[in-house]
Amino acid sequence: MKINLSNIKKAKKVLDRNDCVAIPTETVYGLAANAYSNSAIKKIYHLKKRPKYNPLIVHYYSIEDLEKDCIINDVFLKLYKKFSPGPITYILKLKKNSRISRLVTNNSTTLAVRFPKHKITKYLLKVLNYPLAAPSANISGKISAVSSKDILEDFGKKVKFILEGGKSSIGLESTIISLIKKPKILRLGGLDTSIINKVLNQNLKFNLSPSKVSTSGQMRLHYSPGLPLRLNIKKPYKDEAYIVLKKPKILKENFFYLSKSGNLKIAAKNLYSLLRKIKKSKFKLIAVDKIKNQGLGKTINDRLIRASKFNR
Ligand code: TXA
Ligand code: MG
């Protein structure tokens, strides 16, 4: 998609007056605002109905910009060179003189940072004088938005401007890695953790559901489609929307597939829009076939398991 300069200008104008703009990224759309402004950050929490204790990810254009706010280390540099810009978020230590609003971090001394790859948002970040705090652009606890249409559905006109960027190419949120002590994965996401393992030459530890809820992606009621969902189902009921990975030979009325060929990347890209589509259909229950637990299949399963906790 081409960069529309007049849209970039409009987005900058809204952000400069400390209002929120929905921005496209390769993972999911973000609800963005000036990370240095308390009043801007308050608007994000309010619009999303997000609990104040749940910190936000800050999006940067370059390492030079990042270094104004965070302390970087060798592991970070190694991963940055390999995977950024892209679907990975790093937890780093904040510098004492950082200008990041304390509302972004809920007063913590650490900050989640990401370098998005989507070229429209990269361009926007380049022309701004501040980084953008941006959680996924959905009502807290619900399914993330992967298109401008999804955002309109959730927020109507409450979001002052939506920067159009087409459908998110990955379709799942970023993988979160903490680099505060020993590297640790905090959220499965759009970057397969086995590839990170290879680069770091180690088997990373996971902390996907800590006792202290530090990552909202770890909360029970997250990624909820708003309908009860059953997993690993071979024989769905007739009145259940049935999600399968690959297009079946016989497509019954209640069957929905994530990818024609069973490709996990394509399935990931389609997952959230399919859940939204089913939510709007006549079906009130969802059953999902077993999805292979490898590569992005692991992230798909993570989101489906959390979604299945709905209504329990
Ligand atoms: O792909 C993505 O990461 C998208 C796009 C817009 O960048 N953003 C996203 O943001 O998914 P959000 O807010 O929906 O999820 C960010 C997660 C939250 O669960 C939050 O708890 C966690 O990151 N987080 C933020 N700061 C943290 C910190 N300092 N330590 C641990 N977790 C943190
Ligand atoms: Mg989110």
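What percentage of the 312 residues of the protein chain count as buried? In this predicted model, the share comes to 57%. The sections below start with the chain as a whole and then visit its cores, its open and closed spaces, and a few spots in the backbone.

## Overall fold

The protein chain carries 10 helices and 15 strands. Its radius of gyration is 19 Å, close to the 20 Å that the globule rule gives for 312 residues, so the chain is as compact as a globular protein of that length. If you would like a box to put around the model, the C-alpha atoms fill one of roughly 60 × 45 × 35 Å, taken along the principal axes.

Contacts can also be sorted by sequence separation. Among those in the protein chain with a separation of 6 or more, 67% join residues that are 24 or more positions apart.

## Nonpolar cores

The largest nonpolar core has 64 residues, and the members that touch the most others are Tyr90, Ile177 and Ile196. Helix H2, covering residues 38-48, gives the most to this core, with five residues.

Ile196 deserves a visit of its own. Setting aside neighbours within four places in sequence, Ile196 is in contact with Leu79, Phe83, Ile88, Thr175, Ile177, Ile185, Leu191 and Leu204. Ile177, one of those partners, is itself among the residues that touch the most other members of the core.

A second core, separate from the largest one, holds 28 residues, including Val28, Leu229, Ile243 and Phe256.

## The second largest pocket

Here is one for anyone thinking about open space in the model: the second largest pocket has a volume of about 440 Å³. Its lining is made up of 19 residues, and Pro87, Ile170, Gly190, Leu191 and Lys265 are the closest to the pocket centre. Leu191 also appears among the contacts of Ile196, so to speak a familiar face.

Which helices each supply at least two residues of this lining? They are H4 (74-83) and H9 (264-280), and H9 gives the most, with three residues. By class, the lining divides into nine nonpolar, five polar and five charged residues.

## The enclosed cavity

A search of the whole structure for cavities of 30 Å³ or more finds one. About 40 Å³ of space lies in the largest cavity, and its lining is formed by Leu188, Gly189, Leu191, Asp192, Thr193, Gly295, Lys298 and Thr299. Two of the lining residues are nonpolar, four are polar and two are charged.

Leu191 turns up again here: this residue lines the cavity and is also listed with those closest to the centre of the second largest pocket.

## Backbone details

Most residues other than glycine have a negative phi, and most peptide bonds are trans. A few places in this chain are worth a look with that in mind.

The peptide bond from Ser84 to Pro85 is cis, with omega near -5°. Pro85 sits in the loop between H4 and strand S5 (88-94); H4 is also one of the helices that supply the lining of the second largest pocket.

Lys49, which is not a glycine, has a positive phi of about 55°. Lys49 lies in the loop between H2 and strand S3 (57-59) and is exposed, with a relative accessible area of 60%. Asn232 also has a positive phi, near 55°, and its place is in the loop between strand S12 (229-230) and strand S13 (240-246).

Technical notes:
Residues are numbered from 1 along each chain as its sequence is written. Chains are lettered from A and ligands numbered from 1 in the order in which they are written. This is a predicted model: local features need pLDDT of at least 70, side-chain atom pairs count only at pLDDT 80 or more; totals for chains, interfaces and linings use all residues. Side-chain values use heavy atoms; hydrogens and water are left out. On a 1 Å grid over the protein atoms alone, a cavity is a set of points where a 1.4 Å probe fits but cannot get out, and a pocket is an open set with protein on both sides within 12 Å along at least five of seven lines; lining residues have an atom within 4 Å of a point. Grid points are joined across faces, edges and corners, and a volume is the space filled by probe spheres set on the points. Helices (H or I, at least four residues) and strands (E, at least two) are DSSP runs, numbered from the N terminus. Ala, Val, Leu, Ile, Met, Phe, Trp, Tyr, Cys and Pro count as nonpolar, Asp, Glu, Lys and Arg as charged, and the others, Gly among them, as polar. A nonpolar core is a set of buried Ala, Val, Leu, Ile, Met, Phe, Trp, Tyr and Cys residues joined through side-chain atoms within 4.5 Å. Buried means under 20% relative accessible area, exposed over 50%, partly exposed in between (1.4 Å probe, protein chains only). Contact means heavy atoms within 4.5 Å. The radius of gyration is taken over C-alpha atoms; the globule rule is 2.2 Å times the number of residues to the power 0.38.
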